[in-house]
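The report that follows looks at how chains meet in one assembly, and then turns to a histidine and to the cysteines.

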4 protein chains.
Amino acid sequence: DDKLFLISGPCVIEEESTMMRTAEKIKEVTEKLDIPVIYKSSFQKDNRSSVDYYMGPGMDEGLRILEKIKKEFGFPLLTDIHYPDQAKPAADVVDVLQIPAYLCMQTTLVVEAAKTGKTVNLKHGQFLAPENMAKPTAKIESTGNKNIILTERGYTFGYNDLVIDPRSFYDMGKIGYPVVFDITHAIRKYGIPSSDPSGGARQYLPVLGRAGVAAGVDGIFVETHPCPSDALCDAASQLDMDQLEEFLKPLIELHEVELKYRK
Amino acid sequence: DDKLFLISGPCVIEEESTMMRTAEKIKEVTEKLDIPVIYKSSFQKDNRSSVDYYMGPGMDEGLRILEKIKKEFGFPLLTDIHYPDQAKPAADVVDVLQIPAYLCMQTTLVVEAAKTGKTVNLKHGQFLAPENMAKPTAKIESTGNKNIILTERGYTFGYNDLVIDPRSFYDMGKIGYPVVFDITHAIRKYGIPSSDPSGGARQYLPVLGRAGVAAGVDGIFVETHPCPSDALCDAASQLDMDQLEEFLKPLIELHEVELKYRK
Amino acid sequence: DDKLFLISGPCVIEEESTMMRTAEKIKEVTEKLDIPVIYKSSFQKDNRSSVDYYMGPGMDEGLRILEKIKKEFGFPLLTDIHYPDQAKPAADVVDVLQIPAYLCMQTTLVVEAAKTGKTVNLKHGQFLAPENMAKPTAKIESTGNKNIILTERGYTFGYNDLVIDPRSFYDMGKIGYPVVFDITHAIRKYGIPSSDPSGGARQYLPVLGRAGVAAGVDGIFVETHPCPSDALCDAASQLDMDQLEEFLKPLIELHEVELKYRK
Amino acid sequence: DDKLFLISGPCVIEEESTMMRTAEKIKEVTEKLDIPVIYKSSFQKDNRSSVDYYMGPGMDEGLRILEKIKKEFGFPLLTDIHYPDQAKPAADVVDVLQIPAYLCMQTTLVVEAAKTGKTVNLKHGQFLAPENMAKPTAKIESTGNKNIILTERGYTFGYNDLVIDPRSFYDMGKIGYPVVFDITHAIRKYGIPSSDPSGGARQYLPVLGRAGVAAGVDGIFVETHPCPSDALCDAASQLDMDQLEEFLKPLIELHEVELKYRK
């Protein structure tokens with residue numbers, strides 16, 4: 001299918017009602033816009049800045065909620081894992097196992113995810129030249145698994161800043177798998193807690209999204225929440241779910257133009 | 001006018017016949033695509049890597065050739081100046097005075113250009129945060145001249161590399177003047193002479209152009225030449241003029257989508 | 001003690017004889033120069049670029065060899081762990097548990113290491129502003145463990161390059177624990193396999209080492225090997241053990257001057 | 001002479017009495033520490049952020065004051081030029097013509113400075129890989145002038161930040177001329193006016209100075225002022241002249257150690 005697909009959901013799994021409301025909205029918007037969607041949320045954010053921050057409900061409870069969403073809404077599911085022993089249990093529930101950007105070079109983790117046979121979404125390490133994403137990709141391929149997605153989310157640019165380099169989409173595309181652009185993480189300002197509104201430069205969401213899609217991607221990744229300012233993680237960067245439809249429209253049209261001219 | 005405008009021509013003024021052939025092609029393409037165009041070329045490249053490299057024919061001969069092109073093709077003209085005393089004579093011939101990126105902070109140069117009343121195209125310094133382009137802009141405004149264009153051409157990213165940051169188009173747009181994207185200079189690999197084909201990463205021209213236009217610009221800047229490999233400057237980065245039309249088509253369509261959604 | 005201390009050893013645990021020869025040399029050099037030393041080697045490099053590269057002998061065999069070295073030479077030991085369940089077994093043998101740079105933000109890993117009560121050496125993530133190393137440090141402190149070392153090893157600078165920013169030593173020193181400079185990893189050229197000699201810019205070892213020590217550190221980290229070109233990991237960057245003494249001499253003298261003027 | 005030499009003085013030429021007081025202090029300190037010194041100040045800062053900021057007294061008045069200082073204190077003099085026609089008049093008074101960092105690639109400017117036969121101090125462009133400083137150096141050599149100094153002052157690192165890369169001293173040293181480290185400009189925070197105290201990160205002056213000297217330089221460049229907070233330019237970064245002696249002491253000792261081990 002040539003349609004721009006969407007990976008979306010709240011950053012971390014919160015209360016069931018919040019998860020359901022978000023799913024409902026995502027369902028409504030993606031049906032209206034007629035694009036495929038994968039529901040995303042994390043059961044355990046293991047790389048938060050403080051042990052005092054909310055990390056999620058844990059694997060068992062998190063997977064239970066995700067399973068319920070799948071049953072109710074029919075979405076394919078994506079979640080991220082931080083440790084090798086999470087690969088199998090997560091794969092029993094979700095369709096896409098995501099490797100966090102910081103962990104993209106961890107051989108055991110990547111290989112265990114690959115061995116489940118599920119699609120592996122490799123996030124692009126903020127410290128890795130885009131073309132070098134071929135290396136963790138080859139680790140997945142070494143298991144015989146060719147269900148791979150590569151996701152851009154920004155590259156280190158001085159201190160506490162990330163840059164989205166359009167060349168990255170080209171270089172990652174050359175590796176030979178679908179490329180996704182994670183737009184909401186690209187605006188995080190590190191060094192500022194995500195609960196502080198200045199921890200995310202939301203004014204850049206449209207311009208980054210449009211640039212990335214026109215650079216050539218197959219899907220986009222947008223974390224969304226019924227009320228971002230109350231979100232338990234990435235409050236400063238998630239998109240208000242009520243803005244999702246308007247946010248997606250130009251991206252879908254730009255994708256159509258880009259695809260027409262893609263070689 | 002809401003059409004994407006084009007600034008184009010050979011990097012440096014070469015033989016008259018080369019300049020004429022390029023002008024003819026640019027005329028043909030821009031008429032066919034129905035977009036406005038400004039013809040660009042430099043009479044003196046004062047920042048080449050070696051005194052042995054071709055710098056151009058000098059101001060007098062250069063301006064004579066540009067004037068002839070204007071007469072024959074009816075193009076508005078753009079050229080860059082490196083020293084304050086070049087502002088007035090150049091302004092007698094051209095419509096847009098361009099300030100080179102390295103020189104964007106030179107007060108006397110910028111002010112002398114502004115005083116001519118001509119449009120000033122300020123190139124974005126590779127070392128200046130995009131929002132800080134407001135500073136040289138204010139120097140121009142201080143003379144009463146509000147005819148200003150701001151041109152992105154890449155920001156320093158490690159050694160010998162430039163990055164195009166889509167946020168730059170947003171930040172420069174906020175300053176309040178038309179924003180142009182100089183695509184061909186964005187692919188130069190510094191440290192490698194431009195006569196060496198590896199001195200320009202041409203594979204990135206489409207992806208950068210598309211990303212920049214979708215990020216929101218009013219015009220684009222593309223150096224073009226009848227035979228780039230023989231060009232006397234920037235041989236590795238100029239676009240072959242026979243590829244200009246195909247290069248522009250997706251950019252024009254992406255611009256139309258972007259403009260529809262621009263607030 | 002105010003003496004510059006050394007963390008040294010082969011990058012990854014190789015054959016026992018290689019490990020012993022290196023230990024012998026390190027013992028000889030550090031006794032002659034009269035500086036404290038911690039013997040370092042990894043039992044499992046989980047972040048190598050390919051599954052085909054040597055990862056080490058694994059935890060059990062690796063720890064056995066390290067224990068033998070400790071018994072024979074009396075060195076305190078350091079090794080790195082990549083997964084939480086390695087913390088306890090490793091802590092039974094070594095004195096310092098090292099958290100790899102990419103993994104410095106992984107809460108569970110850092111906390112499990114901290115809970116052993118052993119000294120934790122936190123490598124500075126190549127993507128983290130130096131002052132933000134206070135955050136994983138606080139995760140260690142949250143367990144009551146205050147035995148912490150912070151190690152600089154370079155920050156992302158464009159693609160495939162790391163920069164050593166002298167300000168980093170200042171910022172990390174402000175956090176309040178001993179600061180170490182890992183000199184040999186700072187010269188790795190990513191994107192080039194470490195088995196290729198161009199994968200490490202060895203010419204910079206002295207200048208980086210001297211700059212870092214004068215910037216103010218308490219210890220240095222230098223991977224060394226009897227024959228780096230035959231090393232099974234980081235062949236391009238490890239220091240030949242026969243050069244260790246000459247390499248250390250200026251660093252020790254610079255440290256003495258720096259310490260005299262440190263506030 | 002193997003002594004670390006000092007280039008020092010107020011950033012821009014202010015009132016004569018201020019210039020004299022600074023000269024007196026510099027004389028006192030450098031005689032006490034027994035190091036060679038060149039007095040530095042600018043007659044026209046042509047790259048300030050606003051036309052409303054003080055640019056200096058202009059060339060004629062500026063050179064008059066510098067000449068007076070030379071007569072009274074016997075210092076060799078350094079000043080920077082921004083335009084080619086300033087080379088000759090400035091060379092009639094000063095011993096070293098400095099090319100500002102932004103202008104290091106301007107051929108005419110560099111060549112005109114070189115033709116005076118005076119020593120040319122080329123500041124390292126914030127956008128130029130250190131090894132590429134060989135290119136403007138060759139422009140000077142093309143005139144037969146071999147009196148060259150190369151000065152590091154920081155390289156672009158994300159937005160509004162500069163990094164001092166110790167490798168830069170090595171690479172610039174390989175070009176074959178004395179290398180100087182401009183420490184006070186390395187701490188400027190661009191985007192913040194220099195009249196705002198947060199426009200300079202003074203806490204890093206010692207750590208940067210020590211790292212740079214240990215990396216291997218022949219001289220250092222420190223802008224100093226009787227009362228930096230009242231300085232008419234770079235108020236946030238100049239060193240209080242009363243701190244100069246204490247600032248220099250460790251640098252001189254580190255230089256002695258470095259020189260002993262320099263090949």
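Contact here means heavy atoms within 4.5 Å, and by that rule 38 residues of chain D are in contact with 38 residues of chain B. The model is a predicted one, in which local features need pLDDT of at least 70 and side-chain atom pairs count only at pLDDT 80 or more, whereas totals for chains, interfaces and linings use all residues. Residues are numbered from 1 along each chain as its sequence is written, chains are lettered from A and ligands numbered from 1 in the order in which they are written, and side-chain values use heavy atoms, with hydrogens and water left out.

The size of an interface is often given as the accessible area lost when the parts come together. Buried area is taken as the accessible area (1.4 Å probe) that two parts lose on being put together, summed over both. The two interfaces are set out below with their buried areas and the part of each that lies on carbon and sulfur atoms.

| Interface | Buried area | On carbon and sulfur atoms |
|---|---|---|
| Chain D and chain B | about 3,100 Å² | 55% |
| Chain C and chain D | about 2,800 Å² | 65% |

**Chain D and chain B.** A salt bridge requires a side-chain nitrogen of Lys or Arg within 4 Å of a carboxyl oxygen of Asp or Glu, and the rule finds 0 salt bridges across this interface. A polar contact is a pair of N or O atoms within 3.5 Å, where within protein one must be able to donate a hydrogen and the other to accept it, and where residues adjacent in sequence count only if both atoms are side-chain atoms; 16 residue pairs, both at pLDDT 80 or more, are in polar contact between chain D and chain B. Helices (H or I, at least four residues) and strands (E, at least two) are DSSP runs numbered from the N terminus, and those that give two or more residues to the side of chain D that touches chain B are α4 (107-115), α5 (134-141) and β7 (155-156) of chain D. Among these, α4(D) gives the most, with 4 residues.

**Chain C and chain D.** Here 30 residues of chain C are in contact with 30 residues of chain D, and in chain C the residues Arg167(C), Tyr204(C) and Tyr261(C) lose the most area to chain D, together 24% of what that side buries. The count between these chains is 4 salt bridges; Arg167(C) forms a salt bridge with Asp161(D), the closest N and O atoms being 2.8 Å apart. The rule also finds 10 residue pairs in polar contact, both at pLDDT 80 or more, across the interface of chain C and chain D.

**A histidine in chain C.** His124(C) is found in the loop between β5 (119-123) and α5 (134-141) of chain C. With buried meaning under 20% relative accessible area, exposed over 50% and partly exposed in between (1.4 Å probe, protein chains only), His124(C) counts as buried because its relative accessibility is 0%. Its side chain makes a polar contact with the side chain of Glu152(C) at 2.5 Å.

**Cysteines.** A disulfide is a pair of cysteine sulfur atoms within 2.5 Å, and the count by this rule comes to 0 over all chains. Cys227(A) is in no disulfide, the nearest cysteine sulfur, that of Cys233(A), being 15 Å away; at 29% relative accessibility, Cys227(A) counts as partly exposed. Cys104(B) is likewise in no disulfide, the nearest cysteine sulfur, that of Cys104(D), being 14 Å away, and at 0% relative accessibility Cys104(B) counts as buried.
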